[in-house]
Amino acid sequence: FLALMALNVSVDVLDSFPLINKGLEQTNRNFETKVNMVYADFDMQKALSADKVQPYYDQAQYIRQLADNISAYIMDQRNQMIALLNDISVEEAALLPLEDLKAKDNYSISSRFWLRENTQDPTREGGRGTRAYELREKILYFKHNIDSILGIHKLSDFVQLGLDVEGPFFRQDMEVSWQMLMFDRVISVAVATNLSRLLTEVRNAEFDAVNLLYGAITADD
């Protein structure tokens, strides 16, 4: 549904994306509240037993930084895309409700924005240098670092981080890259909603990882 690529999309379908997006935004706020509670618990435990908690605390803070960095990148690029679509400033785009997006069914602008601009290889869409490629690399870096931290405590098997960007992915029985699946001829309102979904997966991974680290503090007691 989120990867809808029809050339002529009904008004009802177009209007459904902002509703889905609102639900995702609320989910993201809920995740932020939940993970902030875990960080607060870390602060309390650190105050009680600094030597014991400090290693876990430092790793949790690093995961927090990773999640904040990739979330900021996703939101910045999303706002830049919306600004381009609506011909407004990035600051205005950050506050624009998705239902007010003018070119909801346009895919040429969003495809060019993600797959062709800044490319280092004009023959390959979504290749090195493009925003789609950079986002994929950031997601891989995010997951690798969390896996490494959890691996230190033998916790990797207790969480599925999601955020699959390696596939394989198929479109009409043809294997495609994650970049092409996400952004090639996908209508702009669906791209914006998909980016909100990515934020949800980032915050979910952050919460699961930090929660496991917190539980590991007393696992040996």
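**Reading a predicted model, feature by feature**

Biologist: Let's start with one residue: which is Q172, buried or exposed?

Modeller: Q172 counts as exposed because its relative accessible area is 76%, and the cut-off for that word is over 50%. Please keep in mind that this is a predicted model.

Biologist: Where is Q172 found, and what is its phi?

Modeller: First the general idea: most residues other than glycine have a negative phi. Q172 has a positive phi, near 50 degrees, and is found in the loop between β1 and β2 (174-176).

Biologist: What is the phi of N118, and where does N118 lie?

Modeller: N118, also a residue other than glycine, has a positive phi near 70 degrees. N118 lies in the loop between α4 (108-115) and α5, and counts as exposed because its relative accessibility is 52%.

Biologist: And peptide bonds? What kind of bond joins G167 and P168?

Modeller: In general, most peptide bonds are trans. Here G167 and P168 are joined by a cis peptide bond, with omega at about 15 degrees. P168 lies in the loop between α5 (131-152) and β1 (169-171).

Biologist: Could we step back to the whole chain? How many helices and strands are there, and which pattern do they follow?

Modeller: There are 7 helices and 2 strands, and along the sequence they run α-α-α-α-α-β-β-α-α. The C-alpha atoms fill a box of roughly 60 × 35 × 30 Å along the principal axes. Of the chain's contacts with a separation of 6 or more, 68% are between residues 24 or more positions apart.

Biologist: How many of the 221 residues count as buried, as a percentage?

Modeller: The buried share is 44%. Take Q59 as a case: Q59 sits in helix α2 and counts as buried because its relative accessibility is 16%, where the cut-off is under 20%. Leaving out residues up to four places away in sequence, Q59 touches I149, I152, H153 and L213.

Biologist: Now for empty space: what is the volume of the largest pocket, and which residues line the pocket?

Modeller: The general idea is that rolling a probe the size of a water molecule over the atoms shows where empty space is left. In this chain, the largest pocket has a volume of about 230 Å³. Its lining includes E25, R29, M75, R78 and R203. The elements giving two or more residues to that lining are α1 (11-48), α2 (50-86) and α7 (188-216). The largest share, 4 residues, comes from α1.

Biologist: Lastly, how many charged side chains are there, positive and negative?

Modeller: The chain has 22 positive and 33 negative side chains, and the centres of the two sets lie 2 Å apart.

Key:
Residues numbered from 1 in each chain as written. Predicted model: local features only at pLDDT ≥ 70, side-chain atom pairs only at ≥ 80, totals over all residues. Heavy atoms only, no water. Buried < 20%, exposed > 50% of the residue type's maximum accessible area, 1.4 Å probe, protein only. Contact = heavy atoms within 4.5 Å. Lys, Arg positive; Asp, Glu negative; His and termini not counted. Charge placed at Lys NZ, Arg CZ, Asp CG, Glu CD. 1 Å grid on protein atoms, 1.4 Å probe; cavity = no way out; pocket = protein on both sides within 12 Å on 5 of 7 lines; lining within 4 Å. Points joined across faces, edges and corners; volume = space filled by probe spheres on them.
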